[in-house]
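Me: I would like to go through a protein model and ask how each label is justified. Please set the values against the cut-offs.

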Amino acid sequence: MEVFPELYDIFQGEVASVTDYGAFIKIPGTSKQGLVHKSHMSHCRVDIPSELVDVGEKVWVKLIGKEKTDNKLKFSLSMKVVNQGTGKDLDPNNVALDQDARRKQSFKDYTSQKITLEAVLNTVCKKCGCPGHFAKDCFMQPGGTKYTLIPEEEEALPENKNEAHISENSVKKKKKKGKKKHKSKVPSELEVSDSDDLEGGSQSARKKRKVAVKALKKKKKKHHKKKHKD
């Protein structure tokens with residue numbers, strides 16, 4: 001009966017073959033071979049294992065795993081945790097091996113899973129008063145900021161640029177009309193005859209208007225003084 005090394009034992013073995021994914025090492029005293037994966041050949045990245053070891057070369061390895069499938073034993077070996085010159089164990093507490101195992105377990109492939117979008121719930125939270133979720137799912141702290149859904153507002157945009165330009169002009173005209181209404185109207189006494197309107201640019205017409213305005217102001221002042229006296 002063949003005697004196999006125990007888990008985490010260190011021994012020196014001969015390289016039996018080299019593949020693209022690692023090297024197979026002969027286990028002394030047995031007819032079995034163990035695999036050193038290229039990720040366990042060195043602390044540096046190894047892309048081509050044949051560049052690191054050759055067939056027939058002797059290397060120091062550590063037994064890091066045993067697996068029995070279909071009544072066959074498979075051995076996993078590591079070179080990077082053993083000093084290749086002296087055969088000394090560089091990881092006596094197996095800390096590095098545990099870290100490697102955790103990295104493999106923590107990695108999960110989610111590419112095959114479908115993303116499902118959940119509909120917004122037609123309810124109001126009793127905790128924060130915001131719609132769209134239940135009180136058990138509310139993450140708002142007491143006195144914190146409230147978050148709610150933003151209502152969708154559809155603005156009616158003009159079909160073309162001409163309509164937008166026309167609407168802007170109409171708004172400007174309305175503003176001008178409003179300003180004109182607030183201005184004081186010229187009294188009937190200051191209305192100029194048709195002949196004066198035709199000569200609006202002449203100096204005589206302007207002088208007549210100034211004189212009429214002054215006369216009207218004097219009448220208003222006299223009228224106010226009489227009222228105060230009465």
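The questions below take up the labels one at a time.

Me: What kind of model is this, and how many helices and strands are in the protein?
Reply: The model is predicted. The protein has four helices and five strands. Along the sequence they come in the pattern β-β-β-β-β-α-α-α-α.

Me: What share of the 230 residues in the protein is buried?
Reply: Buried residues are 19% of the 230. The exposed surface of the protein is about 19,700 Å², and carbon and sulfur atoms supply 52% of it.

Me: Why is Gly-65 called buried?
Reply: Buried means under 20% relative accessible area. Gly-65 has a relative accessible area of 15%, so Gly-65 counts as buried. Gly-65 lies in strand E4, which covers residues 58-69.

Me: What does Gly-65 touch, leaving aside residues up to four places away in sequence?
Reply: Gly-65 touches Leu-7, Lys-74, Phe-75 and Ser-76. The C-alpha atoms of Gly-65 and Glu-6 are separated by 9.5 Å, and these two residues are 59 residues apart along the chain.

Me: What makes the pair of Lys-62 and Asp-89 a salt bridge?
Reply: A salt bridge needs a side-chain nitrogen of Lys or Arg within 4 Å of a carboxyl oxygen of Asp or Glu. In this pair the closest N and O atoms are 3.0 Å apart, so Lys-62 and Asp-89 form a salt bridge. The pair links distant parts of the chain, with Lys-62 in strand E4 and Asp-89 in the loop between E5 and helix H1 (95-106), 27 residues apart.

Me: Are Lys-62 and Asp-89 buried or partly exposed, and how do you know?
Reply: Lys-62 has 1% relative accessibility, which is under 20%, so Lys-62 is buried. Asp-89 has a relative accessible area of 22%; partly exposed lies between the 20% and 50% limits, so Asp-89 is partly exposed.

Me: How many salt bridges does a search of the whole structure find?
Reply: The search finds two salt bridges. One of them joins the side chains of Asp-47 and Arg-45, at 3.0 Å from N to O. That distance is within 4 Å, so the pair fits the definition.

Me: Why are Asp-47 and Arg-45 given separate labels for exposure?
Reply: Arg-45 has a relative accessible area of 75%, which is over 50%, so Arg-45 is exposed. Asp-47 has 48% relative accessibility, which falls between the two limits, so Asp-47 is partly exposed.

Me: What is noted about phi of Tyr-8 and phi of Asn-71?
Reply: Phi of Tyr-8 is near 75°, a positive value in a residue other than glycine. Phi of Asn-71 is near 60°, again a positive value in a residue other than glycine. Tyr-8 sits in the segment before strand E1 (10-18), while Asn-71 is in the loop between E4 and strand E5 (72-78).

Me: Why is Asn-71 called exposed and Tyr-8 partly exposed?
Reply: Asn-71 has a relative accessible area of 75%, over the 50% limit, so Asn-71 is exposed. Tyr-8 has 35%, between 20% and 50%, so Tyr-8 is partly exposed.

Me: Which residues form the positive surface patch, and what makes the patch positive?
Reply: The patch is formed by Arg-206, Lys-207, Arg-209, Lys-210, Lys-214, Lys-217, Lys-218, Lys-220 and Lys-221. Lys and Arg count as positive, so the patch is called positive. Lys-220 is placed in helix H4 (residues 203-229).

Key: Residues numbered from 1 in each chain as written. Predicted model: local features only at pLDDT ≥ 70, side-chain atom pairs only at ≥ 80, totals over all residues. Heavy atoms only, no water. Helix = DSSP H or I, 4+ residues; strand = E, 2+ residues; numbered from the N terminus. Buried < 20%, exposed > 50% of the residue type's maximum accessible area, 1.4 Å probe, protein only. Areas by Shrake-Rupley, 256 points an atom, 1.4 Å probe, with all protein chains shown as cover. Patch = residues over 30% accessible without salt bridge, like charges linked within 9 Å, V, L, I, M, F, W, Y side chains within 5 Å. Charge placed at Lys NZ, Arg CZ, Asp CG, Glu CD. Contact = heavy atoms within 4.5 Å.
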